[in-house]
Amino acid sequence: MIKGIAAALLAALIVAGVIVGIFYLFFSGLLLGLFGFIAAGILAAALILFIIVFIFALIVFFALFYYLAEKKPEVTPGEYKLDEEKGKNE
């Protein structure tokens, strides 16, 4: 029974220490600075990712028009017959 009471007392002291530590960090501004550092890192990562995706989308956009551009067919001189033409009645 004494071991149980000692364990409960030790657990209460540990929980109280953790709570006091969190309050100390919160009121000293260290926790706020840590959260600010993490938020700034997330914003910087999002900005870098947006720039990378934007550049990739820009390249794909111009590549689309490059590959969709009409290419003029080369007409080589020669003799063509009417039955060599491709049309509706194939």
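Visitor: Why is F65 called partly exposed?

Guide: In this predicted model, F65 has a relative accessibility of 47%, and because the partly exposed class runs between the limits of 20% and 50%, F65 falls into that class. The residue is found in helix α2, which covers residues 30–68.

Visitor: What makes F65 part of a nonpolar patch on the surface?

Guide: Membership asks for over 30% relative accessible area and no salt bridge, with nonpolar side chains joined within 5 Å; the 47% of F65 passes the first of these limits, and F65 is listed in the patch together with residues including L47, F50, I51, F61, F62 and L68. The accessible area of the patch comes to about 1,300 Å² together.

Visitor: Which residues do ring pairs link into a cluster with F65?

Guide: The cluster consists of F61, F62 and F65, linked by ring pairs, and each of these residues also appears in the nonpolar patch.

Visitor: How many aromatic pairs are there by the rule for ring centres?

Guide: With the limit for the centres set at 6.5 Å, the count comes to five aromatic pairs.

Visitor: Why is the pair of F23 and F27 called stacked?

Guide: The ring centres of F23 and F27 are 6.0 Å apart, within the limit of 6.5 Å, and the planes make an angle of 10°; because planes under 30 degrees apart count as stacked, the pair receives that name. Both residues lie in helix α1, four residues apart, about one turn of the helix. An α-helix has 3.6 residues a turn, so residues three or four places apart point the same way.

Visitor: Are F23 and F27 buried, partly exposed or exposed?

Guide: F23, with a relative accessible area of 48%, is partly exposed, whereas F27, at 64%, counts as exposed, because the exposed class begins over 50%.

Visitor: What makes the pair of Y66 and Y67 edge-to-face?

Guide: The angle between the planes of Y66 and Y67 is 75°, with 5.1 Å centre to centre, and because angles over 60 degrees count as edge-to-face, the pair is given that description. Both tyrosines are exposed.

Visitor: How do you know that the span of helix α1 agrees with its number of residues?

Guide: At 1.5 Å a residue, the 27 residues of α1 (residues 2–28) should span 39 Å, and the end C-alpha atoms are 38 Å apart, which agrees. Just after α1, G29 takes a positive phi of about 90°.

Visitor: What does the secondary structure of the protein come to, and how much of the protein is buried?

Guide: The protein has two helices and zero strands, and buried residues make up 1% of its 90 residues.

Technical notes
Residues numbered from 1 in each chain as written. Predicted model: local features only at pLDDT ≥ 70, side-chain atom pairs only at ≥ 80, totals over all residues. Heavy atoms only, no water. Expected span 1.5 Å × (residues − 1). Patch = residues over 30% accessible without salt bridge, like charges linked within 9 Å, V, L, I, M, F, W, Y side chains within 5 Å. Areas by Shrake-Rupley, 256 points an atom, 1.4 Å probe, with all protein chains shown as cover. Salt bridge = Lys/Arg side-chain N within 4 Å of Asp/Glu carboxyl O. Buried < 20%, exposed > 50% of the residue type's maximum accessible area, 1.4 Å probe, protein only.
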